[in-house]
Structure formats: structure tokens, C-alpha cells
Amino acid sequence: MSIEINGAPAQAGPRPGQCLRTFLREQGNFGVKKGCDGGDCGACTVHVDGTPVHSCIYPAVRAEGRSVTTIEGLAGSEAGAEGGAGLHPMQQQFMERQGFQCGFCTAGIVMTAATFDEDQKANLPRNLKGNLCRCTGYRAIADAVCGEATHGESSHPDPAGTGSGIAGKGQPGPRPGQLGDDVPAPASQALVTGAARYTLDVPASELPGLLHLKLLRSPHAHARVLSIDSADALRIPGVEAVFTHEDSPAQLFSTAQHELYTDDPDDTRVLDDVVRFVGQRIAAVVADTVAAAEAGVRALKVQYQVLDAVFTPQDAMRPGAPAIHGDKDARTARIGRPERNVVAELHSELGDVAAAFAAADFIHEQTYRTQRVAHTALETHAAIAAIDDDGRLQVRTSSQVPFLVRRTLGRVFGLPVDRIRVVTGRVGGGFGGKQEVLTEDIVALAALKLRRPVQLEFTRTEQFTAATTRHPFTIGLKAAASSEGQLTALQLEVLTNAGAYGNHSVGVMFHGCGESLGVYNCANKKVDAHAVYTNTVPSGAFRGYGLSQMIFAIESAIDELATGIGMDPMEFRRRNMVREGDDMLSTRPDPQEDVFYGSYGLDQCTQLVQDALARGRERDRDAGPGDLGPDWVTGEGSALSMIDTVPPRGHFAHSRIRVLPDGSYQVDVGTAEFGNGTTTVHAQLAATALSTTAGRITVRQSDTDLVDHDSGAFGSAGTVVAGKATLAAAEELAVRIRAFAAGIRQVQASGCVLEDDAVSCEGTRVPLAELYDAAAAAGVDLSGEGHWGGTPRSVAFNVHGFRVAVNTGTGELRILQSVQAADAGVVVNPRQCRGQIEGGIAQALGAALYEEVRVDDAGRVNTDILRQYHIPTFADVPRSEVYFADTSDKLGPLGAKSMSESPFNPVAPALANAIRNATGVRFAELPIARDRIYLALKEAGQPASP
């Protein structure tokens, strides 16, 4: 019996033991995604005889004689007959409500929801429990599944507090298809139909001779590799090669990617003879199938000399501790003190902290701790390397930084960058985790040696054990206030756990100790910070880049100071937060020379949150007590944050835009799309400058052959750097179009006005298609180019508020209300920006309440699959109210600011402050899991609400 796929018989039968997911992808159904291969995430959901199944754990042989429907065939199925425009109704709803961001999970969710009846739609927390989304926060998904209207709901204040709004009247009115409009994502239809192409969605016909690479990883936290016997591996049928440290280039580098590679220590080799954490790669086996490569890995025989290991920063800094990178020269590798495991350190004092403490009316002192958190993008790290007909290295990768990857590969392998092309398809989530080189170097090594295409795809377990995490912080904090409500001293001793390698650790430490302190006026500030190597999984870039950890401590302390002097915490914040014109000082006596208040909306944000919480209290009073009994106590809390809108020391972008023969436009940009929405923003910014609509603009992106350079999509730079370059290119093109039209019509350029698809020259309409033909005949190139270097920089603000209920008998926590207000400047796309904020809130709630990468006493990660590492599900995430301050940034494109990282930052402290307000107990360590709440309340005698 054959398997029917989307109404047609499969072209082959499954292999013994093959799961349905891999079989369907081999048949060309790339909409079937891999997020876990454990039945946990739902990205692989398909229908078998109309019933949704997780195809990663469904044996392909069980589908013989059955009808299988994938996302590609959903519209053509019996259930899809009601849809319009060749779409199933559920696909149409997801497209209209934009129920996605990166879109990697979308096909699976659509396939699940397409089978729902009305009763199932009424209980989405139960019925969507098998589908995970890391980007959206689920509100947009709920609206899409249930067909609820969301278009335009971000464009006005919402006094009921159930949606989102822009405060005041100063924001420009939305222009259809331009600035301020809820323009649909250009990839909408491709995402809901499975046509969008992610990293590994490449037909086999385009990669003849493709080989697969698998990695042998270290079982030891610290060891020297004495020998590797590959004879048995090479005898396995299909195994083509084994690569070890003997094949590795000698060049040290950092997996971290920044515009200046000198920002990070050179402490890494492609393959090393010393391993420094459990999970570090030791050898690579390349074979014609994944199964053969895995068998080859198992056949390798390695002899190790096990070395002493150290697992905490405190132990690593002690005299006599094993020097993890003691073999490296501090100056050439740019490591602070390798003999003491110090990657970098910072020491600063403004004013006289000791004197301020001596004169203080109230002092708060506490040690705060934040944990490792995994990015858990549903698309795991993956890359394909090949050598083209011209001998050029071609790399297709899941990366936020294709141009920086190209530079690193050139540096490591000694290749000119023009001999390397790096392409990024659509990326299935990033959150900073794909600002690394974790796969590209090893597939490049294999492809250069074998001259055949080589592919590597991380498993979910590899993602947890061998990629990167958020940096754990230990923060010894001491803070003081006067009885009048003045913040008089802040002293912080900061210890960050770099893990085995120093990628991003320098920047995370410095950035964490930056805006978190700079947002408050305080004459006396002291910081002593160290980033420290340990023999654990490396830390890396993560949403917020050190700020979320520091803000958790500082904003918790702000509440404690306010409580200690008997002042409302929000009032205490207002008295001490920076105002427009104040110096933003953290660890230097002078403000950063290129950071300015492009706009200031922090005061509006605090008021928006305070007002929304008040409305929430009033609604609850009107509704009655609900199901909260005498064991429940309630409270509310808030926190604020500030972030520079661009990373320091330069962040560069180049954009090109040209008129196409049909009169539409094509924009070429370097920045990647991974759910951050920059593709839509670029189209809207260009459309606004060219007086057209975003639908008439095609965006090509993230290909190093398209533009000169782009630093990449990190540090929230997609809008304020790359977007500014696109705006400049479009403005230049607009001038050229008007000038050329004026010339052929023999009128003044000032009399020519751009319209949607034409130029009006003193009343005569010249279609752009005709203008293109005339320009081509005259040898004139109707195009424009724009560049931006990331400076000067502005600041963005976010304020979050919660109302919570805590059961003092069980430790159960209920979020009664969640509110965030954001100073995003002029909001280019309100619906999309709201989605970014909601996604940041959801991810931050996971980090605040239950997410933790746990490392045992031997350095092993033991939360290495999704069912052991709890990311927020539909049922876990409250519906948050989102409000935008009424500001226009003088430095951003058309008044816009960044808003990708910052929504994450104030969430955990706001929640901790609300729990403190409800219970009287301060939780100083994350995550604030239910068992920790229960034990803390039990120890405190289950106090009633103060």
C-alpha cells in the first residue's frame, strides 16, 4: 500500500524506522517543520485521515494506506473548500490577523486549529497545549483561531484596558500602506501555506551530492584529547570523512558576532584538543545520510586526560582554581586575566558611596540571582556549505548576522570575503542565540575539504547542551534612600557566568551595568563587576543583553527602598528617574557622547501603567470577588527600564532601492527576518518616502551578495539602523524620479509629485512603468542607495505593571492583570509592534516563573528536551494590555524607535514586586517557581497581605 500525500500517491516508500516528518520532507513538503523530534512542540503537525498528529513521533509505515494532509495541501482538502483565494478558512484567518511572527510554528498550529469545532475554540488553553510558539505570546494566535478582529485596534486608547492604544493626539494618522498602518507581513501567505523557505527548506535537486555532518561531543567538563581512532567509523558504509582537531585551522576566534570582532576574546577553535564543557564538539563525521553520520560518531574511540573542572564563578576566581584558558596570552586573545578565569572586569565609582550610606535614612541590602535561560527558538541552528562552480564558498545558515558570519569564515579559513557568500533564508526565531557561529565554521571546513555540499542541523538536545544561554548573574546590591524619597546610593557587586567561552561576556557585563543604572538620578554609584569562565555550557547574547538581569535586581531594590521609607513605589520612581535633559550616568562620570534623548516618554509610560492598573482594580471591584477564597492575597507591582536604541561603537547598514519594469519597487537590504518584522518596516518606510504602498515594494534581504555590508539584526537595530538606511535610499530615489520625470516633461522638478504608481508633473500623470522604459532607453538607472552607521543613538523606555493573586497555602500564582507601556516613538506598524511587546512579555514570564537550564555537579545540562524545559504554553500566558507613549524620536527613521529587546526587561521585577506587595516576601532569585513561593511563604508563616 502507498501513502497518499495531499491527494497524490507518494513517490517512494518510507525506510524502516523512519518517522513521518522526515518522510514528508523528503517528498518535498517543507511546511512540515522540526522543532523537537520528541512530540513536544507541534511544529510538525499534519493530518492523517483528517486527524492531527505530531509527525515527528508517528512512524511513517503507519501512514501506508492512509491519506496524509500537510499545510501545502490543506486548502485543497475537503475541509478547505470553504476558504477563499485558494486558502483554508483557518489559513485565511491567520493571514488576516497576523497570527505569527517568525512563522516557524505557524503551519503546525494552523493544521491543529483547522480541525477545531466551536467547543474546542472555546477552550484553547487545553486544545492548543500541544503546539508551542516562542515569538507571539499567543494573543494573536488566539485571535486568528477564533476569527476575532484585531486590525486597527492599536490605533486608539482603550479605556477598558483590554487592547492597546497610543496615548495623546500627537502620533501621525495612519496612511494606508505607509507609516502607522497595520500593513500585513509580506510573507503572510507563504507562511500560512508552508511556502516560506527556512534554512533547510532546499530541494534535494539543488544540492546534488549532499552530505550530512554529525558531531561527537565531550562527555567531560574539562579534558585533553589524547587520541581519536576513526578507523571503525570510516568503515561504516556511507561515511565519507572524519575531522578532528588535527584538521582544524589554528586561528582562534569567538563564536560571538559583533561589528568589531575585537569586542570578544579569541578563545575558540573550530575543533580543539582541549574540551572545556560537557557537549563541546570533539570530532565531525560526514556521511551520505544522517543515520550513517550518527553511526560514525558512535564508532569513534577517544582517549582523554580528564582535567580538574570548576563550575561556579565564585570557585573559578579562587586562587589555585584550574585556569580554563590558561594556555592563552591575555593580550593577543583579549582575555582580562586568564590565570584567574576572568574574561573581563569593570570597576567604577561616582561620588562617595560610603559617605552616602553613612548618611542614609534607609538601606536595602540583598543578593539577587538570575538563572540560565535557553533561547528555545523553534528552528534549531542549521547550516549548509557548498563550493560553487567558480570555487566560491556558499553558506546558507540560520543566522541573524550573515555579513559577520562571512567575515569570521574568511578570518578562520584565510579566505578573501569576496570568495564567500552567506545567505540567510527566513529564520525560525533568534532572540540573540543566532548572533553566533555555531554551525557555519564546521560545515565550511568539511565542504572546503570534500568539495561537496555539507549540512548540519542541531537536534533539540544539542540546542540545550551545546549552543548558548542567557548569562547567569549574581548581584550583591546595596542601596540607600532619604526619608524624603531621594535615591542616594547604589552599590553593586556583579558576577556573571560566562561558561566555557567568552562569547558576548564582555558586552553583556558592560551593557548590563549601563542603562540599568543610568535610568536613575543618583549622585553615588559604585560597580565592581567580573565576567568569569567556568566549565559549563557557554553563555551568549540573549534578549536584553545583560539588562534584564541587572534590572531585576535594581527594580526590586527600588521597591524595597520605597517600602522602607513608606512611599508609593511608583512615586519613588518618578522622583528619581531621569528626565529629558538629565545626564544618563552609570559607570562613567560623563554621559556617553553619542546617546541622546531623541524623544522622552518615560513619564507617559509610568502614568499609562498606573492608570491601567487602577482601571483593573475598579473592574475587579465591580465584578466581585470571583473564585478567590480566604487563602488568597492580592498585590500589584511595577518596574521600568531604559535601553539605548543601537549598540555602541558603530552598527552599519546599506540599502538599495530601484524601480522595476512594471513600475513597482525592489529594496535590497542586508538585515535578516526572524519574526522581528523588519521586512514589513522596510517596505513601509520606503513606501512612505515614495508616496506608494508597501504592497508595491518587494524586499530582498540577508544575502551578502545584495549590498555592501550590514552589521546584522541584533541590538534592536533592524528599524533604527537598517530602516534608516532604507529610508535614505528611498528618499534619494524619490529625488531622482522627480528629476528625471521633470526632464522628460520639461517642467520644474518642484512641480512633480510622486503618486502610488506614477509621477504627476504639473497635472500630467506619467506612469512609473513608462518612466522606467524612458530611463532605460536613456541609460539612466532609477535607483537610490542609503547608508547608516548607527550613531547618534537614542533611548527607549518600557514600564510594566502586574496585579497578582497568591494562594498562601499552595504557592499558586495567578496573574490578574498584565500591562506594558512602551515609548517606541512613532509606531511604524502598531499591530506588529504590539506583537513584539507581547512576545517579549511571554518570554520574560517564562524566565521569571519556571524556565531554567539546570547544570548538575558534573557540568551536564539535564534539562535537554522541551518536556524538561518549560517554555510558556498557551495556558501560561495572560493577555497583556499594551500602550504606546505619544512621542516622535528626532533620531529614528520618521520618528521611530527600536522595540524588540526592551519589552522583556521590566517584566520579572514587576512580577516580583507584585508578589512582594501581595505576600510581604521578597523573592531575590529567579525563577520564582511555585514550589519556591510555597516554601518561602511557609517559612514566613504565610503572612496576610500587608
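**Note on a three-stranded sheet and the second largest pocket**

1. In this predicted model, three strands form an open sheet in the order β26-β27-β28, with antiparallel pairing. Strands (E, at least two residues) and helices (H or I, at least four) are DSSP runs numbered from the N terminus, and two strands pair if DSSP finds at least two bridges between them. β26 (752-754) and β28 (764-767) are the edge strands, each with a single partner, so one side of each has no neighbour in the sheet. From one strand to the next the twist averages 25°.

2. β26 and β27 (residues 758-761) run antiparallel and are joined by three bridges. Cys 752 stands opposite Cys 761 in β27.

3. Helix α22 (residues 717-745) lies across β26, β27 and β28, at about 135° to β26. Helix α23 (residues 768-778) also packs on the sheet, where it touches β27 and β28 (contact: heavy atoms within 4.5 Å), and its direction makes about 70° with that of β28. Angles run from 0 to 180 degrees between N-to-C directions of lines fitted to C-alpha atoms, for helices over the stretch in contact.

4. The lining of the second largest pocket has 18 nonpolar, twelve polar and 16 charged residues. Here Asp, Glu, Lys and Arg count as charged, Ala, Val, Leu, Ile, Met, Phe, Trp, Tyr, Cys and Pro as nonpolar, and the others, Gly among them, as polar. α1 gives the most to this lining, with four residues.

5. Residues are numbered from 1 along each chain as its sequence is written. Local features need pLDDT of at least 70, side-chain atom pairs count only at pLDDT 80 or more, and totals for chains, interfaces and linings use all residues, while side-chain values use heavy atoms, without hydrogens and water.
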